[in-house]
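Visitor: I have a model open and would like a walk through it. Can we take it topic by topic?
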Amino acid sequence: MSIATVRAGGTDPREIEKLIKRGVKAFTRRNLHAKLVVADKSVISGSANVSQRSGNLLDEAAIWTNDPAVLRRARNFIDGLCTEPIRPEYLAKCKKLYQPPKFDGKLADGQKPERRVAHAKLWIVNLVESSIPDAELERYGRGETKAAKLIKDADRSATESFHWSHKPKMAEHLEVGDWFVQVIKCKDQSTLVHPPGQFLLLDDYARGAGKKRWVFHLETPKRGEVMDWSKFRKLAKSALGTNAPATHRTRPIRDVRAADSILSLWTPGGRISRK
């Protein structure tokens, strides 16, 4: 916490004071821009500041590692910086000089600041077994051809798709590489959960009478195993807790750890995990 960053609104000394009262050792350092966290046997290095702006508005990125060599160097780096502790008189001076940052509060045009919505890494989609009408097969096949060209691992993966008779809201939030777990109610009334697939392409085409069909193309493992709905629901409870799906419904999984837990129910090759 330097005088310059305090005057510019980059560091709020009142927040630093809260940390000090909790027993955190705080130091002053000029021209420091690094964001580095060393906790236990882990290192996190990235772009995010400890601020509401980073947490709620900006897109940040970081890497995590438990490599012993990186951990040792990170600790040495921090120890070399932490030489000037923030004393009470310096903290009082900073509190007097602090100027709130200009981006806080209302925007110039009177609009409220935009808040970032966490992107869903994984979608669980509720589907019913159905087939494409013969009259649409040619047009549908063009989308499959485009999707096949986007596959990253043709030896282990194939294209798979599901379709909607209207454009669902989730289509506005998808990015290439997002994961899907398909929950499909079959014609024999069984419900099967397919192994995770990654989003490749959203295709749409006219199907007559002013209607369109929306087709979601995925890259899925060739040797993937399906799971019975009751088993999936039971296993999902450990990942999602009270938010585990009690019924078949399409939903985003925005919590990264929960999404990873669901994906780990299958191996990278799409086989049901035996652990």
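Guide: We can go through strands, odd backbone angles, cores and a pocket; bear in mind that this is a predicted model.

Visitor: Strands, then. How do β1 and β2 pair, and over how many bridges?
Guide: β1 and β2 are antiparallel, with four bridges between them. One of the bridge pairs puts Leu36 opposite Ser45 of β2.

Visitor: And which residue of β3 is the bridge partner of Ser45?
Guide: Ile63 is that partner in β3. β2 and β3 (residues 62-65) run antiparallel and are joined by four bridges.

Visitor: Back to the hairpin of β1 and β2: how many residues sit between the strands?
Guide: Two residues separate the strands there, and in this hairpin Asp40 has a positive phi near 55°. Asp40 is not a glycine, which is the reason to mention its positive phi.

Visitor: Is Asp40 buried or exposed?
Guide: Asp40 is exposed, because its relative accessible area is 69% and the cut-off for exposed is over 50%.

Visitor: What about Gln189, what is its phi?
Guide: Gln189 has a positive phi near 75°, again in a residue other than glycine. Gln189 belongs to the loop that links β6 to β7 (191-193). Its relative accessibility is 55%, so Gln189 counts as exposed.

Visitor: New topic, the inside. How many residues does the largest nonpolar core have?
Guide: The largest nonpolar core has 18 residues. Val181, Val193, Phe232, Ile262 and Trp266 make the most contacts inside it.

Visitor: Which helices and strands supply at least two residues each?
Guide: Two strands, β4 (122-128) and β6 (179-185), and two helices, α7 (229-240) and α8 (256-263), each do so.

Visitor: What lies apart from that core?
Guide: Another core, of 15 residues, lies apart from it, and includes Trp123, Met170, Ile184 and Leu218.

Visitor: Now the second largest pocket. What is its volume?
Guide: The volume of the second largest pocket is about 400 Å³. Its lining has 19 residues.

Visitor: Which of them lie nearest its centre?
Guide: Ser157, Pro221, Pro268, Gly269 and Gly270 lie nearest the centre of this pocket.

Visitor: Which element gives the largest share of the lining?
Guide: β9 does, with three residues. β8 (197-208) and β9 (211-221) each supply at least two lining residues.

Visitor: How many of the lining residues are nonpolar, polar and charged?
Guide: The lining of the second largest pocket has six nonpolar, seven polar and six charged residues.

Definitions and conventions:
Residues numbered from 1 in each chain as written. Predicted model: local features only at pLDDT ≥ 70, side-chain atom pairs only at ≥ 80, totals over all residues. Heavy atoms only, no water. Core = buried A, V, L, I, M, F, W, Y, C linked by side-chain atoms within 4.5 Å. Buried < 20%, exposed > 50% of the residue type's maximum accessible area, 1.4 Å probe, protein only. 1 Å grid on protein atoms, 1.4 Å probe; cavity = no way out; pocket = protein on both sides within 12 Å on 5 of 7 lines; lining within 4 Å. Points joined across faces, edges and corners; volume = space filled by probe spheres on them. Nonpolar A, V, L, I, M, F, W, Y, C, P; charged D, E, K, R; others polar. Pairing = 2+ DSSP bridges.
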